Amino acid sequence: MSERPSAPDETNEAEPGGIALGAEKIGLLPLHAPVLALLIVLLLSVAAAFGIARIKVDDSLSQLFRSDSAEFRQYENLSRRFPSSEYDVLVVVEGKQLLERGPLEQLRNLVTDLHFVEGMTGLISLFSAREAPEGGMLPPPLFPAELPEGKEYDALIERVKANEIIRGKLLSDDGELALVVVALDQAVVESTGLRNVVAEIQKTVDEDLAGSGLKAQLSGAPVMQLEIRNAVERDRLIYNAIGFVAGCLIAVVFFRRFSFMLMAAAPPLIAILWSLGALGWLDFRLNMFLNVMTPLIMVMGFSDSMQITFAARDRLLAGDSKFEAMKKAVLTVGPAVVITDATTALSFIALQFSDSHLIRTFGLAGALSCLVAYVAVVALVPLFGMLFVRKESVFAAQVAGSDTAVDALRRFCGWIADRMVYRPGLYSLLSLVAVIGLSLIYGDLDPRYRLADQVPDREQAVAASERLDAKLTGANPIHVLIDLPAGASLYTPETLAVIARVHEIVESQAGVGNVWSLETLRRWLRDKANVTDIAVLQQYVAVLPEHLTRRFISAKEDGVVVTGRIPDIDASALLPEIEKLDKALAAVRAGNPGYTISVTGLAAIAARNSASMIGQLNNGLTIEMMFVAALIGIAFRSFFVMIVAILPGLFPIVVSGAVLWWFDAGLQFASIVALTVAFGLGLDATIHYLNRLRLEAKPGEDPALGVKRATILVGPALILTSLVLACGLGVTILSDLPSLRLFGWLSAFTLLAALVGDLLILPATTMWLRRTTNRLRGAVSGDAKTR
C-alpha cells in the first residue's frame, strides 16, 4: 500500500522563468496588505452588483443563426418588409365539439375579446373568412352576426368546412382544431411587457372558453420566447444554487473544516459576481448559452481554488505558518492555475470559428470570465486563508494521523499508480487503441437541430406546436420571397403568373401545407365567383385589413411572399426538402430573370446553416486541441509534456462522442459547445498533474517513483475538483430547456471521463514515454562511448 508522501518544500516556484512567467505572483499581493485587499474586494463587488442589474435577456428564436451571412441578411430583409412570424401568438383550440353551436359561439367571443389585448396589431381566424363573392359585390362574412340554428346551422358548418380560405389553414380537415393567429407589436415582444401581454391572452382564453369543453394552448415565437426567458431566469436562481451547495458540501466533507470550505468556495462565488457584473457593464445579453455562464464560472473557479486550498492545507499539516502555507501554495499551484485558465480561455476563443453571433458572444463572455475567475481565485484564496483559518498549529495536531477521507483518496490514487506504472506499455497501447476506435465513432456523428430542443418542453408551446404538426401540417413558417423588377407593377399578368407558379410549387412540396399568398385570394375569386378581372382582385386587396395584406404584400408593393407551414423536424431531414424546393424554383427564375425568388424564413436558415455551423465548431475543437497541446508544451518548455497531454486530452471528447452516437443524439449546438468547454475544463486536471510531476521528477531516479508521488499528491484534489465540476454543471439536467439538459449531462460526463484519463491514461503514458526516452538516451550514450 502506498504511503502518503510529505508535502515538499516548493519555494523554487518563485524563481524567474517559471512556466507562468511569474503571473501567479498576483496572489502574493493580498498577503502583504490584507486590509487594503479586502477593501478593494468590497468596492469591486458593489460595482459588479450594479452591473448585474443591467443584464437583459435576449430570447429571440433567431439569435442562434444571427450572423453576417447573406441568408440571415435576407431573413432580416423579410422581417422588415413583412410582419415577421416571430411576433405571432398562435392560439390552438381543440375539441370534438368545436363546431357545435355553443362552443363555436364561445370561440367567436374569444376572438372578439382578443382584439382588445394590449399590443395586438392584427388577428386572423376562421371568423375572418367571407362568403363566396356574387355579382362583383363585397361578400358578407362567412359567419353571420347571429348564428343560425337547426338545418341552417348544419349548412353553415358544411360551408365552413369547404371554405378554401380556412380549410387546412385555420381549421383542421376533421373540424376539431382551430387556429387563431394574434399578431403582436414588435416593441411589445422585445420588451418586458411581453409577460403581461401573454398573461392577458391566457387569461382571456381561459375565461371565454370556460365550460365549453374545448382545450386551448398558446404557441408561437412570443410564447416560446417567454418560456425560454422564464426558464433562463429560473435556472439561474435555482439550479446554480444547488450546484454551488453541492460543491460546498463536498469540500466540507473532505476538508473537515468550515474555514477551508470558505477558503475554497468564497472566491468562486465572488468570481461569479464579478464576471456577471463585467458582462452587465459591457452590455452582454443573457441567452440560452450565456445562462450556463454562472455554473461555468463556478466550476472554473472551484477547480483552481480547490487545488490551492489542498496545497495550503498540506503545508499547514507539514507545520508551516499560515502565511508561509498560503505563499507556498500560490507559488506551487499558481503556475498551473495560470496555464489552466489560459487553456480554458482558448477553448472559449475557439468558438469564434462559428458564424453564429450568439456562439461568438458566448465565447467572448467565457474568455472574459476566465480572466476574472483567475484574478479572483489566485488573489482571494490566500487572502481568505489568512482571514478564516485560525489556530493552524492546533489544526495540524488534530488532523495529523486522522485525515480519513483525504488519506483514503490518497491510498486509492496510490493503488491506481502502482498498477499503471507496473505495465505502462500495455496500458498505453490499450489507451491508444481505445482513443483511435472511439475517434472513428465520433467521426460518424451527424449534425442535428430542432427548434423544439431550444424551447422548454414541459410547457404548453411545444405541446401546441405538436398538435399543429399533426392537424395543420405544422407551426413553423417557410417563406418564398419574390422581389419584383424595378418599376414593375404587382397587378400585371406577368407578375401574377410568377406568383401563381411559385404558389403551385410550394404547395406541391412534400411536407409543406397551409400555403398562403396573393394567389390564394385570386383562386378564391376565380373558383367561387368566376372573377378573373385583375381590377377586381386589386379592389379586394384594398378592402382587406392592412395587417393581413402586409403578410403577403410589401407596403411599397415591390415584393410578395408565399408562405407555407412545415412540421418541426430535424434540420438534417428538412434540408433536402428545402434544397428540392429551391431547385424546383430554378425554372421560374430562369423564365423570369427580372424577378428575385428566394427561399427564406427561420426554418430555412436553420436547415441550411445548422450543419455548417456545427461543422465549423467541430473543426474549431480540433484546431483547439492542437493549439492547446502546443501551448502546454511551450509553457512547460517540453516536447515530452506536449506528447503526454494528447491522449488524456482526446479521451474524454471521443468517449463522450461515442455516448452521443449510442443514444443517436448526433452533434447539436449544445453538445459541441459542451465538448468544447469541457475539453478546456478537463485539461485543468491534466495541467495540475503535469505541474506536480515536474516538481516530483528527480534526476537519476526511477521515473515510477516520481509518477507515483505526483499521482498520490495531486490525485485527491483532481477527484474532488472533478466531482465539484460535475455537480456544478450536472445540475442543469434539471432545466426545462432540452439544450441545457444536454449541455449539463454531457459536460459532467466529459469531465468525469477526463478524470479517468488523468488517473489511468496519463500516469501510464508518462511512465512509458519516460522509460522509452531514457532507454533511447542510454542507447545513444552507449554508442557514443563505443565510438
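Me: Before we look at a pocket lining, which residues count as nonpolar, which as charged and which as polar?

Reply: Ala, Val, Leu, Ile, Met, Phe, Trp, Tyr, Cys and Pro count as nonpolar, Asp, Glu, Lys and Arg as charged, and the others, Gly among them, as polar. Keep in mind that this is a predicted model. Here, the lining of the second largest pocket divides into 20 nonpolar, 7 polar and 2 charged residues.

Me: Which residues lie nearest the centre of that second largest pocket?

Reply: They are Ser128, Ala129, Arg130, Leu544 and Leu548, out of 29 lining residues. The volume of this pocket is about 690 Å³.

Me: And which elements each supply at least two residues of its lining?

Reply: You can trace five names on the model: helices α4 (101–114), α18 (518–529), α19 (534–543) and α20 (546–549), together with strand β3.

Me: β3 makes me curious about the sheet. In what order do its strands run?

Reply: Follow the pairing from one strand to its neighbour. The order is β3-β4-β2-β5, an open sheet of 4 strands with antiparallel pairing. At its edges are β3 (120–124) and β5 (215–219), each pairing on one side only. From one strand to the next, the twist averages 20°.

Me: Over how many bridges do β2 and β5 pair?

Reply: Strand β2 (residues 88–94) pairs with β5 over 5 bridges, in the antiparallel sense. For a landmark, find valine 91, which stands opposite leucine 218 in β5.

Me: Which strands does helix α7 lie across, and at about what angle does it run to β5?

Reply: Helix α7 (residues 194–208) lies across β2, β4 (177–184) and β5, and its angle to β5 is about 165°. Helix α16 (residues 460–471) also packs on the sheet, touching β2, β4 and β5, with its direction at about 105° to that of β5.

Me: Now a single residue, please. Is serine 369 buried or exposed?

Reply: A residue counts as buried under 20% relative accessible area. Serine 369 has 1%, so this residue is buried. Serine 369 belongs to helix α12 (residues 357–388). Leaving aside residues up to four places away in sequence, serine 369 touches Ser275, Met293, Ile297 and Met300.

Me: Stepping back, how many helices and strands does the protein chain have, and what share of its residues is buried?

Reply: The protein chain has 27 helices and 10 strands. Of its 787 residues, 59% are buried. For contacts along the chain, take those between residues at least 6 apart in sequence: 83% of them join residues at least 24 apart.

Notes. Residues numbered from 1 in each chain as written. Predicted model: local features only at pLDDT ≥ 70, side-chain atom pairs only at ≥ 80, totals over all residues. Heavy atoms only, no water. Pairing = 2+ DSSP bridges. Axes fitted to C-alpha atoms, helices over the stretch in contact; angles between N-to-C directions. Contact = heavy atoms within 4.5 Å. 1 Å grid on protein atoms, 1.4 Å probe; cavity = no way out; pocket = protein on both sides within 12 Å on 5 of 7 lines; lining within 4 Å. Points joined across faces, edges and corners; volume = space filled by probe spheres on them. Buried < 20%, exposed > 50% of the residue type's maximum accessible area, 1.4 Å probe, protein only.
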